[in-house]
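Thank you all for coming. I would like to take you through one model this morning, beginning with the ligand and moving outward from there.

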Amino acid sequence: MTEDAGGSGGPLAEPAPRLPLRTVFARFWPHTRPFRGRMVLSLALTAGVPALTTASIGLFQVLVDDVLTPADFRPFPMLAATYLALTLLTGVVSYVDSYLSAWTAERFVLGLRVELFAHLGELSAPYLDRRPLGDVLSRIGSDVAEIEELVLTGVNLLLTYSFQILFFTTAMLLLDWRLTLVALVAAPAFLLLSRLLSRRIADAAREERRRSGSIVSVAEESLGNAALVHAYGRTAAETARFRAENEAAFRAQMRAIRLESLFAPASGLVQAAGLLLVAGIAVARLGSGELTLGGLLVLLAYLGQLYAPVSGFGNLAATLYSACAGAERIVEVLDARPAVAAPAVARPLPRATGELALHGVAFDYPGSGRPALHEVSFRVPAGSRVAVVGASGAGKSTVVRLLLRQHDPDRGRVTLDGVDLAQLAPADLRAAVVPVLQDSLVFDATVEENIRWARPDAAPEEVEAAARAADLHDVVAALPDGYRTRIGQRGRMLSGGQLRRLAIARALVRDAPVLLLDEPTAGLDAASAARVLAPVRRLAGHRTVVLVTHRLVDVVDADRIVVLDGGRVTGYGDHPSLLRECPGYAALYRLQEQAGDAPPPAPPVAPRPLPARRGEAVARTVPLPAVAGPGVPLPAFPTVGAPSPVPEPRARHRVADTGRTALPPARHADGGRHRRTPDPVR
Ligand SMILES: Nc1ncnc2c1ncn2[C@@H]1O[C@H](COP(=O)(O)OP(=O)(O)OP(=O)(O)O)[C@@H](O)[C@H]1O
C-alpha cells in the first residue's frame with residue numbers, strides 16, 4: 001500500500017507507454033472485421049444525411065427566388081410537400097444510422113472487453129500480483145470504451161464531416177465559386193488551431209486516465225481492507241488518500257476541459273470572421289446583380305453548415321488524442337505475455353501417476369535481484385505425503401508456484417512423472433496438480449456451486465462425497481439450506497477452518513493425482529488445524545500430497561519432509577531423522593514446541609474410504625517408482641512404516657547447491673541402527 005494519505009506521492013497506477021495515434025488505430029482496426037458489413041451500410045446512411053440536408057437548404061433558394069420575391073404562391077404546395085418528404089426521409093435515415101452505429105459500437109466494445117478479460121485470465125496471478133487491482137478494473141471498464149471512440153465513432157465522424165464538407169462545398173461552388181473560395185480561406189485557421197490544442201489535450205487526458213485507474217485502485221484497496229482500516233482508526237487517512245487521487249484527477253480533467261473549451265470560442269471567432277468576409281463580398285455582388293437574394297441566403301446557410309464540420313475536424317483531433325490515452329493502457333495489457341508459455345508441441349500425459357521432482361532448480365523473481373531458490377532438488381514419489389517446511393521467506397511458496405508452473409525455473413527442471421512441466425499441455429498439468437491456496441478463495445455462491453466449480457460435471461453425490469472426505473459435510477448439513485446455502489462474499493457464513501475444508505473439498509472433487517496445499521493451517525487454532533489436516537492425512541496412498549507449511553507440528557507424520565532455508569534444501573527425511581540430523585529443523589521444532597504449538601492428535605491409520613479417482617481401482621502403495629528421464633536420477637523412496645524396497649543410503653544431509661555434507665552421520669547409542677535419512681536426490 002502506498003503511504004500517500006496526504007496525496008504527496010504519485011498515483012498507484014503506472015503510466016502506459018505512449019504510442020502514436022496511427023499505431024493505436026492500426027492495432028484495433030482489425031477488430032472491426034466482424035462489423036464491416038454494417039459499417040458500410042452505416043457509411044451509406046452517413047452520406048445520406050448531409051445529401052438530404054443539402055437538398056433541403058437548396059429548396060430555400062427556390063422558395064425565396066420563385067415564391068417570395070415574385071409573390072407567386074402556386075409552386076408553394078409542391079415545395080412544402082418536397083420539404084416535408086425530405087425532412088421525413090432525413091429523420092428515418094438518421095434514426096437507422098444512429099441505431100446501427102450504436103449497435104456496432106457496443107458490440108465492438110463488448111468483444112474487446114471480453115478479449116481483454118480472457119487475456120488477463122491467461123496472464124494470471126504473477127501479472128495481476130504486480131498491479132493494483134483497481135487500475136486493472138478501470139482499464140476493463142472505461143479505457144476499453146475509449147478505443148471505440150477512436151476506431152468507430154472517430155471514423156464515423158471523420159466520414160460524416162467529410163461528406164458534409166463535400167456536399168456543402170459542391171453546392172456552394174455551383175452557386176458562386178469565387179465566394180466559395182473566399183469562404184474556404186478560413187479552413188486552414190481551424191486546422192492550425194486544432195493542431196495547437198490537441199496534443200496538449202492528449203497529455204491532460206493521459207494523466208486523467210491514469211488517475212482514474214488510481215481512484216479505483218485506492219477505493220478497491222481501502223474498501224477491501226475495511227476491517228483493518230476500521231480497527232486501526234484509519235478511515236480519515238484513507239479518505240484523504242482517496243480525496244488526493246480524486247483531486248489529481250480533477251486537476252487533469254480541468255486542464256483538458258480548459259483546453260477543449262478554448263477551442264469553441266476560438267473557432268467561433270474564425271467562423272465569424274469568415275462569415276463577415278463572405279457576407280460583405282456577397283452583398284456587393286447582390287447589388288451588382290451577380291447574385292440573387294435567394295442565392296445569397298442559401299450561400300450563407302451553406303456556409304453556416306460548412307463551418308460546423310470544419311471545426312468538428314478540429315474537435316475530432318482532440319477527441320482522438322484523448323481516446324488514444326485510454327487505448328495505450330489497453331495495448332499495454334494486451335501486449336503483456338504470460339510468465340510461462342505453453343509448449344508448441346506438448347508431451348501427452350493423459351493420466352499422471354503424480355510423481356513430482358525438482359532437479360537443481362534455481363529461481364529469481366523478475367526484478368528482485370536476489371535468488372529465491374538455489375539449486376533445489378527433491379522428489380515427491382507418487383502417492384506419498386511430503387511436507388515442505390522452513391521459516392518465513394525460506395522459499396516454500398516459490399516452490400508451490402514452480403510446481404503449479406506459474407513461473408519457469410531459471411535453471412534446472414520441475415517434472416511430473418518425469419516429464420518437464422514446460423513440455424506439458426497446460427490442461428494436462430492443471431488436471432494433474434490441484435492446489436489449495438493459502439487464502440481460501442471462494443465465490444459468493446452456494447456451497448455446492450463452490451465445490452462443483454472445480455469440476456462442473458460433478459454429480460451431487462460426488463460433491464457430497466468430497467465434502468464428507470474434507471470433513472465438511474456435518475457443517476454443511478447444519479446450514480439453513482444445506483448444500484444450497486449461499487456462503488456470501490468471501491465466504492463470511494463460514495469460519496476460517498471451515499473455509500479451508502471447503503477449499504479442500506473443492507480440490508478433492510477435481511479428482512487429480514496431486515494435491516498441493518500451501519499453508520492450509522495458517523491462522524487456525526490447534527483444534528481447527530487438526531480438523532483441516534485430518535482429511536489430508538486420510539488421503540495417504542490415494543494421492544500425492546505436497547503440504548507447504550511453516551508449522552512443523554503439522555507434519556511430524558509426513559512420509560518425508562523437505563527443509564528449506566534461504567532458498568536451499570538443508571534437510572530431507574522423516575521427522576525423527578531430521579530431529580536427530582538437521583540442526584536447523586530441530587531448533588525450529590523446539591522453538592515451536594516451546595511456543596506452545598501442540599502436535600496434532602495422532603493420525604488415523606486406516607484411511608476412510610474416499611471417492612476413488614476416476615480410472616483408478618486400487619490405491620497406489622509402495623514401492624514407488626524412481627524418477628525417470630534425463631537429469632539427476634532419483635532413487636526409489638520408501639514410505640514410512642513400509643519396508644524399504646532398496647537398501648537405504650547412509651544418513652546424511654546435503655547442502656543441495658554445493659553437494660557438501662553439512663553434518664557428519666550422527667552416532668547413536670543403538671550402534672547406528674537408527675532410521676536413516678534419505679538424501680533428497682540420491
Ligand atoms: N512476487 C515476488 N517478487 C519478488 N520477490 C518475491 C516474490 N515473492 C516472494 N519473493 C521473495 O522470495 C523469497 C521466498 O519467498 P516465499 O514467498 O517463497 O517464502 P515462504 O517460505 O513461502 O515465506 P512465508 O512462509 O512467509 O510465506 C523471499 O525472499 C521473498 O521476499
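**Around the ligand**

Let me start where the ligand sits, with 14 residues around it, of which Ser 392, Gly 393, Lys 396, Ser 397 and Thr 398 come nearest. I should say at once that this is a predicted model, and I would ask you to keep that in mind throughout. Looking at individual atom pairs, an oxygen atom of the ligand lies 2.8 Å from a polar backbone atom of Gly 393, while an oxygen atom of the ligand is also found 2.8 Å from an N or O atom in the side chain of Lys 396, and the side chain of Ser 397 likewise places an N or O atom 2.8 Å from a ligand oxygen. Taken alone, the ligand would expose 630 Å², and the protein buries 65% of that.

Which helix gives the most to the shell around the ligand? The answer is α10, residues 396-403, which supplies four residues. This helix is largely enclosed by the rest of the structure, because six of its eight residues are buried; those six are Lys 396, Thr 398, Val 399, Val 400, Leu 402 and Leu 403. Lys 396 and Thr 398 therefore appear both among the buried residues of α10 and among those that come nearest to the ligand. Just after the helix, Arg 405 takes a positive phi of about 55°.

**Helix α18**

Let me turn next to α18, which runs over residues 583-594, has twelve residues and reaches 16 Å from its first C-alpha to its last, close to the 16 Å expected at 1.5 Å a residue. Its buried residues are Tyr 585, Ala 586, Tyr 589 and Gln 592. Why do these belong to the same side of α18? They do so because they cover an arc of only 130° around the axis. As a general matter, an α-helix has 3.6 residues a turn, so residues three or four places apart point the same way. The buried residues of α18 pack against β3 (385-390), β9 (560-565) and α17 (575-581), whereas the face turned away from that buried side carries the exposed residues Pro 583, Leu 591 and Gln 594.

**Two buried positions in other helices**

I would also like to show you two single residues, the first of them being Thr 104, which is found in helix α3, residues 76-129. Is Thr 104 buried or exposed? With a relative accessible area of 6%, Thr 104 counts as buried, and if we set aside residues up to four places away in sequence, Thr 104 touches Phe 35, Arg 38, Met 39 and Leu 152.

The other residue is Pro 309, in helix α9, residues 293-335, which is buried with a relative accessible area of 0%. Beyond its neighbours within four places in sequence, Pro 309 is in contact with Tyr 161, Gln 164 and Ile 165, and the C-alpha atoms of Pro 309 and Tyr 161 are 4.8 Å apart although 148 residues separate the two in sequence.

**The chain as a whole**

Finally, stepping back, the protein chain has 18 helices and twelve strands, and of its 682 residues 47% count as buried. Among contacts with a separation of 6 or more, 78% are between residues 24 or more positions apart. The accessible surface of the chain comes to about 32,200 Å², with 62% of that belonging to carbon and sulfur atoms.

Definitions and conventions: Residues numbered from 1 in each chain as written. Predicted model: local features only at pLDDT ≥ 70, side-chain atom pairs only at ≥ 80, totals over all residues. Heavy atoms only, no water. Buried < 20%, exposed > 50% of the residue type's maximum accessible area, 1.4 Å probe, protein only. Contact = heavy atoms within 4.5 Å. Areas by Shrake-Rupley, 256 points an atom, 1.4 Å probe, with all protein chains shown as cover. Expected span 1.5 Å × (residues − 1). Arc of directions from axis to C-beta. Near = heavy atom within 4 Å. Polar contact = N/O pair within 3.5 Å; in protein donor to acceptor, adjacent residues only side chain to side chain.
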